[in-house]
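Colleague: Can you put the model up? I'd like to go through the salt bridges.

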Amino acid sequence: MVSLGCPKNLVDSERILTKLRADGYRMSPDYAGADVVLVNTCGFLDSAKEESLEAIGEAIAENGRVIVTGCMGKEAETIRTRFPQVLAVTGAHQYEQVVEAVHLAAPAQRSPYLDLVGTREHPAGGAVEDTDLKLTPRHYSYLKISEGCNHRCAFCIIPSLRGDLVSRRPDAILREAEKLVAAGTKELLVISQDTSAYGVDIRHQPRPWHGREVRAHMTDLARELGHIAPWVRLHYVYPYPHVDQVIPLMAEGLVLPYLDIPFQHAAPAVLRRMKRPANDAKVLSRIHAWRDICPDIAIRSTFVVGFPGETEGDFQYLLDWLDEAQLDRVGAFRFEPVEGATANALPDPVPESVKEARYARIMERTAAISAAKLAAKIGRTIHVLIDAVDEDGGATGRSKADAPEIDGEVFLRDAGHLAVGDIVPVVVEDADEHDLYGVPADGKLPEGL
C-alpha cells in the first residue's frame, strides 16, 4: 500500500487494509514481494495529483500490478490514459470496490486455521478483538468522524471528490475510540473535512451510549471522547459560534488545549473571493476570549498567499492580523490553481515572483511569533507524549501544543528510562523557532549540582 495525502486518506487506507487482512491477505513491505500494489491517491492540488501519478508510475515500474483508489479516482480517464495497464481505479472511501478489485487481481487463499483474526487480552480483563490494522504508531490514532464537506470554497474541489457532509453515528465513533484506547492509543486525533459541522446532516440526532444519550454534535462528542482517551486533539475546526462551548472542556482538561482552524486568510476582500466567512474582527475577539478561559490554548492554522486579486494591502492586512492573533503554529501555501476550482476563473492572478516573496514574508513573520511563544515556555514544566526513544538516552516527544508530523517536537536528554507512549512531565530548558528542548522532571538534578 502506498498512501498519499492527508490523515483522512490514511484512515481510508487503514480501513481498506483491515478488511483485506480479515479476508486473509498479508501486507508486503516492498514492491517485489507483493501480488498487487494499492496506491491511495491525493487530488487536492495539481502538485498532489502529479505526486500521485508519479507514485502510480513507480508502482507499475517496480511491480506492474496496480490498483488505484482515493481522491484522484475521480479522474479515472486521466489515470488510464497515462497508465493503461492499471488493474482498477476507484474513488475516495470506496472500500468495497477496492477490496473487490483486489479479490479479482489476487484471489486470497483462505485457511480457517491460519487466517483467523485474533484476539488479545485487555489489561482490565476480557478479550479485545484485534481487527483493525493501523498505519500510525500504536500510541496515537486518527479518528474520522465524518466524510465530505458542505462548503464551496472557491479554491477547493473536496466536495466534488468526497461529496457533501456525511456524519458517523456518535455511538459508532465512541465505540471505535474505546477500542483504540484499549489497544494502546494514548492520543486520539479527531479528523474530518469540517469537524465543527459534525452532525448537521443528521440533525444532531442523539444515540444511546452507556445508559445515556449523546448527540451527534461536536461539543458532546468532544466531552465523551475526553472521558475515554488521555489526550484528544481536534483538527479542521471551522470557527462556528458553538466552538466557544469546547473551550471550557479544554480548561477542564477533558480535551487538549489545541485548535486546528483553517483560516486561510484575514483580509475581508480576499475571504469574500474565497467564498469564506469574512468576519475577521469577531474572530480576533473570540481568540482573545478563548485565551481568557484557557490561557494555554494553542491555535494552529494555514493561510493561502497569492490568491487571485490579493493586493499588497490585503497581504499587509494579513500580516497585521497575525501580529494581533499571535497564533502558535502557522503553515502557508502559495495559491495553486486546481482543475475544477472556481478560483481559476477569477481575474487579477498574482505573479509567481510575488507569491514567493509573500510566502517568504509570512513564514518569517510567523516563525518570529512562534520563537517568542516557545521561548516563554523555558523554565516551565509541561506534559509530553513520547514518540521515540534512542539508544543514547535521548527521546523525542510532543507537547499538548504539537500534533504529529505538522507541528513541533520536544527533544529530551536523560530520557533513556522512558518508553514510547509515556506521558511525562518535562522541564523546558531551551527553545528555537519550532521546537522545545528539555529533561524529564523526575530526572532533573537539584539546583547547584
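Modeller: Here it is; bear in mind that this is a predicted model. Take Asp 244 to begin with: its relative accessibility is 33%, so Asp 244 counts as partly exposed.

Colleague: Which side chain does Asp 244 meet in a salt bridge?

Modeller: Arg 286, at 2.9 Å from N to O. The pair links distant parts of the chain, 42 residues apart: Asp 244 lies in the loop between β13 (231-234) and α8 (247-252), and Arg 286 in helix α10 (residues 280-293).

Colleague: Is Arg 286 buried or exposed?

Modeller: Buried, because its relative accessibility is 12% and the cut-off for buried is under 20%.

Colleague: Moving on. What does Glu 356 pair with?

Modeller: The side chain of Arg 334, in a salt bridge of 2.8 Å, N to O. Glu 356 sits in helix α12 (residues 352-375) and Arg 334 in strand β16 (residues 329-334), with their positions 22 residues apart in the chain. Glu 356 is partly exposed at 39%, and Arg 334 is partly exposed at 33%.

Colleague: And Arg 175, where is its partner Asp 171 along the helix?

Modeller: Both are in helix α6 (residues 170-182), four residues apart, which means they are separated by about one helical turn. Their salt bridge is 3.7 Å, N to O. Asp 171 is buried at 4% relative accessibility, whereas Arg 175 is partly exposed at 45%.

Colleague: Which residues are linked in a network?

Modeller: Asp 12, Lys 144, Glu 147 and Arg 162 are joined by salt bridges in a network.

Colleague: How many salt bridges does the structure hold?

Modeller: 30 salt bridges.

Methods
Residues are numbered from 1 along each chain as its sequence is written. This is a predicted model: local features need pLDDT of at least 70, side-chain atom pairs count only at pLDDT 80 or more; totals for chains, interfaces and linings use all residues. Side-chain values use heavy atoms; hydrogens and water are left out. A salt bridge is a side-chain nitrogen of Lys or Arg within 4 Å of a carboxyl oxygen of Asp or Glu. Helices (H or I, at least four residues) and strands (E, at least two) are DSSP runs, numbered from the N terminus. Buried means under 20% relative accessible area, exposed over 50%, partly exposed in between (1.4 Å probe, protein chains only).
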